Amino acid sequence: MDFNMKKLASDAGIFFTRAVQFTEEKFGQAEKTELDAHFENLLARADSTKNWTEKILRQTEVLLQPNPSARVEEFLYEKLDRKVPSRVTNGELLAQYMAEAASELGPTTPYGKTLIKVAEAEKRLGAAERDFIHTASINFLTPLRNFLEGDWKTISKERRLLQNRRLDLDACKARLKKAKAAEAKATLWNDEVDKAEQELRVAQTEFDRQAEVTRLLLEGISSTHVNHLRCLHEFVESQTTYYAQCYRHMLDLQKQLGSSQGAIFPGTFVGTTEPASPPLSSTSPTTTAATMPVGPSVAGLAPPGEAALCLEEVTPPASGTRKARVLYDYEAADSSELALLADELITVYSLPGMDPDWLIGERGNKKGKVPVTYLELLS
């Protein structure tokens, strides 16, 4: 009991001494041991890494799960070390509603058939989104969390210890200074000065040792950056795969709807008037082409069963031609295609039995096939 009481009294005394030293430093009444410039740079770099890691982590969580209630629920499950329940994605829920609507409104009607086709595409999109969220969480979010909850907590703990050691060191310096001043006035014995000098040596040794430990941890931030860089590459790769899958699914759906729309509404133009992103082409120097296969019709080849296009025999229909603005540069793959320059205006029209992803384009006395996804059809 006596030992515990003495320890508590000692701890209280140390805490009081540190508090006094800290307060006097704040008011400019005590000297403070400054860290060297390299150490200060390491501290600033570590703080910056921690702050930006938190921001990137939080915003990535919002990107993967926009619903704040769902994010809180997932956080609680993780803290309780319980498996997060499987949640239906928005695309899968939309697919379910469309399938149910088709069943009730008539699956054999044109509207019902289209609902079923779109529902199947939305279901595939939802599954792709689920895979992307799972992959991104493992390869990107988890390493960021591990840094904040592991390495950063260790760094913070050692920095607090270093701060305490510095306060102890400066308190010892202040006591020695007072002891020497008192000795000069002959009010203290020499052993009081010796005691203060011994305490200072011990405090200096402990401070130097703790500074070295903290410095090594702070220099490890460079390894953290290397690890986060690798995780960032994996995150981009998973995002690329996800959007490539979405593009492929929507391209397939567009083809299906194009053939059915041509049968229901003869003479109408099929294709998107405002593509969400530039389509892939031989002129695009991207690596995503390897993960985003393009079908024969998109590459400029005639689909199976379609006769080769003879440009000399092509004549525009009496009605049904339209103006179109070119969205992106396009390099013709062969003589049957028309090269395009962004922002130019051309005349386009469709021919019976033609692939819905392509139109005939005319510019002056030149004509050829052009991809619909490169055009904005004007009214």
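Accessible areas here come from the Shrake-Rupley method with a 1.4 Å probe, and on that basis the protein chain exposes about 23,400 Å², of which carbon and sulfur atoms supply 58%. Keep in mind throughout the tour that this is a predicted model.

**The whole chain**

Begin with the entire protein chain in a cartoon view, where the secondary structure comes to eight helices and five strands. Following the sequence from its start, you pass through the pattern α-α-α-α-α-α-α-α-β-β-β-β-β. If you then colour the 379 residues by accessibility, buried residues make up 33% of them. Contacts in the protein chain with a separation of 6 or more can be listed as well, and residues 24 or more positions apart account for 71% of these.

**A patch on the surface**

Next, select V88, L93 and Y97 and show their side chains: together these residues form a nonpolar patch on the surface, with about 280 Å² of accessible area. V88 can be located in the loop between helix 3 (68-79) and helix 4 (90-105). V88 counts as exposed because its relative accessible area is 51%, and the cut-off for that class is over 50%.

**Aromatic rings**

Now turn to the aromatic side chains, for which a search of the whole structure finds eight pairs. Select F147 and W152, whose ring centres are 6.3 Å apart and whose planes meet at 50 degrees, so this pair is classed as tilted. Are these two residues buried or exposed? F147 is buried, with a relative accessible area of 3%, and W152 also counts as buried, at 10% relative accessibility.

Move on to Y330 and W358, an aromatic pair that is edge-to-face, with 6.4 Å from centre to centre and 70 degrees between the planes. This pair links distant parts of the chain, since Y330 lies in the loop between strand 1 and strand 2 while W358 belongs to strand 3, 28 residues apart. Both Y330 and W358 are buried, so a cutaway view may help at this stop.

A further selection to make is F132, F140, F235, Y242 and Y243, which form one aromatic cluster.

**The strands**

Finish with the strands, selecting strand 2 (residues 345-349) to begin with; this strand is mostly covered, as four of its five residues are buried. Add strand 1 (residues 322-326) to the selection, and you will find four bridges joining strand 1 to strand 2, with the two running antiparallel. Then add strand 3 (residues 358-363), which pairs with strand 2 over three bridges, in the antiparallel sense.

Which residue of strand 2 is the bridge partner of R322? The partner is V348, and a C-alpha to C-alpha distance drawn between R322 and V348 should read 5.4 Å, although the two are 26 residues apart in sequence. R322 itself is found in strand 1, and R322 counts as partly exposed because its relative accessibility is 28%, a value to set against the range from 20% to 50% that defines this class. Staying on V348 and looking towards strand 3, you reach G361, the bridge partner of V348 in that strand. V348 is thus a convenient last residue to centre on, with R322 as its partner on one strand and G361 as its partner on another.

Notes. Residues are numbered from 1 along each chain as its sequence is written. This is a predicted model: local features need pLDDT of at least 70, side-chain atom pairs count only at pLDDT 80 or more; totals for chains, interfaces and linings use all residues. Side-chain values use heavy atoms; hydrogens and water are left out. Buried means under 20% relative accessible area, exposed over 50%, partly exposed in between (1.4 Å probe, protein chains only). Contact means heavy atoms within 4.5 Å. Two strands pair if DSSP finds at least two bridges between them. Patches are made of residues with over 30% relative accessible area and no salt bridge: like charges are joined within 9 Å, nonpolar side chains (Val, Leu, Ile, Met, Phe, Trp, Tyr) within 5 Å. A salt bridge is a side-chain nitrogen of Lys or Arg within 4 Å of a carboxyl oxygen of Asp or Glu. Rings of Phe, Tyr and Trp (its six-membered ring) pair if their centres lie within 6.5 Å; planes under 30 degrees apart count as stacked, over 60 as edge-to-face and the rest as tilted.
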